[in-house]
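Dear colleague,

I am handing over the structure we spoke about, and my notes on it follow underneath. Please read them with the coordinates open beside you.

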2 protein chains.
Amino acid sequence: MAFLAHLEAVVNQVPGALACSVMGFDGIPVETHQSDDAVEMDLQSSWVEYANVLSQLRGAADSMRTGAVAEMAVSSEKVVTLMRLVSPDYFLVLAMRPDGNYGKGRYVLRVTAPKVKAEL
Amino acid sequence: MAFLAHLEAVVNQVPGALACSVMGFDGIPVETHQSDDAVEMDLQSSWVEYANVLSQLRGAADSMRTGAVAEMAVSSEKVVTLMRLVSPDYFLVLAMRPDGNYGKGRYVLRVTAPKVKAEL
């Protein structure tokens, strides 16, 4: 379970990245890498909330005709958060500054998800 | 309340766009423009679910230090859905095909939100 190298690589590759984590749908982070800028921010409490919402959307997808949820993003005043499903139990979450590279963040999560899945 | 022209302009400007709507946080669409491709899809039921989630995230933002939520996106197998807050009671929602132009969609919603707000 060598997640940390993948999480570090995500944060280093994405301009404006604050932190990247592998999280369970129960809202508990398995492993996290955060940049020095992120230390003073309380990202965990929003991640727990987002895990809850993502879990809810995944459940609702069964009754909707739009298919399984693969990705979610929430932009707020101080943080942009991108999430991508890795497996039925885990997802990747990336927090960025609002001026961070959103497109690069989505791309890097997409290519990293299968690598993390392979380690699970 | 001439929303429709703005919604049509969003759908016409964004490659892959299926439908655009002004919705209340109660999940009721005020006005919708949809492309011919969208007619057979049941987008409404997912929008009601997303309105619910967005409302929940907005409420949670008070207790989080990440600031007010401005935007949310959910990518599922068949549809990508982008949402942007317009006012405390309304938001814009744009449904696109998965191969649609995500970045253009975000940009067009950002510039359209103040125009729609002015009509409310």
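**Burial and contacts in chain B**

With a relative accessibility of 3%, B:G24 counts as buried. This glycine belongs to strand β1 (residues 17–24) of chain B, and, if neighbours within four places in sequence are left aside, B:G24 is in contact with B:V30, B:A51, B:D89, B:Y90 and B:F91. For one of these partners there is also a backbone distance, since the C-alpha atoms of B:G24 and B:D89 are 5.7 Å apart in space although the two residues are 65 residues apart in sequence.

A second buried position in chain B is B:L54, which has a relative accessibility of 1% and lies in helix α2 (residues 43–61) of that chain. Not counting residues up to four places away in sequence, B:L54 touches B:F25, B:V69, B:M72, B:M83, B:L85 and B:F91. The C-alpha atoms of B:L54 and B:S87, by contrast, are separated by 13 Å, with their positions 33 residues apart along the chain.

**Confidence**

Please bear in mind throughout that this is a predicted model. The mean pLDDT of chain A is 90, and 96% of the residues of chain A reach 70 or more, while for the complex the predictor gives an ipTM of 0.91 and a pTM of 0.93. As a general caution, where pLDDT is low, the predicted coordinates should not be read in detail.

**The sheet and the helices on it**

The model contains an open sheet of 10 strands with antiparallel pairing, and the order of its strands is β2(A)-β1(A)-β5(A)-β4(A)-β3(A)-β3(B)-β4(B)-β5(B)-β1(B)-β2(B). Its edges are formed by β2 of chain A and by β2 (29–34) of chain B, each of which pairs on one side only. From one strand to the next, the twist averages 10°.

Where the two chains meet in this order, β3(A) and β3(B) pair in the antiparallel sense over seven bridges, and A:V74 stands opposite B:M72 in β3(B). B:M72 has a further bridge partner in β4(B), namely B:M83; the two strands concerned, β3(B) and β4 (residues 80–85) of chain B, pair in the antiparallel sense over five bridges and are joined by a hairpin through three residues. β3(B) is mostly covered, as seven of its eight residues are buried. In chain A, strand β3 (residues 69–76) and strand β4 (residues 80–85) likewise pair in the antiparallel sense over five bridges, and the bridge partner of A:S75 in β4(A) is A:V80.

Two helices of chain A pack on the sheet. Helix α1 (residues 3–13) touches β1, β2 and β5 of chain A, and its direction makes about 40° with that of β2(A). Helix α2 (residues 43–61) of chain A touches β1, β2, β3, β4 and β5 of chain A together with β3 (69–76) of chain B, and its direction makes about 140° with that of β3(A).

**Aromatic pairs and charges over rings**

How many aromatic pairs does a search of the whole structure find? There are three over all chains, and two of them are described here. In one, the ring centres of A:F25 and A:F91 are 5.1 Å apart and their planes are at 45°, so the pair is tilted. Since A:F25 lies in the loop between β1 (17–24) and β2 (29–34) of chain A and A:F91 in strand β5 (residues 90–96) of chain A, the pair ties together parts that are 66 residues apart in sequence. A:F25 is buried, with a relative accessible area of 13%, and A:F91 is buried as well, with 0%.

In another of the pairs, the rings of A:Y102 and B:Y102 have their centres 5.8 Å apart and their planes at 40°, so this pair is tilted too. Here A:Y102 lies in helix α3 (residues 102–119) of chain A and B:Y102 in helix α3 (residues 102–119) of chain B, so the pair joins two chains. Both tyrosines count as buried, with relative accessible areas of 7% for A:Y102 and 8% for B:Y102.

Finally, there are charges to report at the phenylalanine rings. The charged end of A:R58 sits over the ring of A:F25, 3.7 Å from its centre, and in chain B the charged end of B:R58 sits over the ring of B:F25, 3.7 Å from the centre of that ring.

With best wishes

How values were computed: Residues numbered from 1 in each chain as written. Chains lettered and ligands numbered in written order. Predicted model: local features only at pLDDT ≥ 70, side-chain atom pairs only at ≥ 80, totals over all residues. Heavy atoms only, no water. Phe/Tyr/Trp six-rings, centres within 6.5 Å; stacked < 30°, edge-to-face > 60°. Helix = DSSP H or I, 4+ residues; strand = E, 2+ residues; numbered from the N terminus. Buried < 20%, exposed > 50% of the residue type's maximum accessible area, 1.4 Å probe, protein only. Lys NZ or Arg CZ within 6 Å of the ring centre and 35° of its normal. pLDDT = per-residue confidence, 0-100. Pairing = 2+ DSSP bridges. Axes fitted to C-alpha atoms, helices over the stretch in contact; angles between N-to-C directions. Contact = heavy atoms within 4.5 Å.
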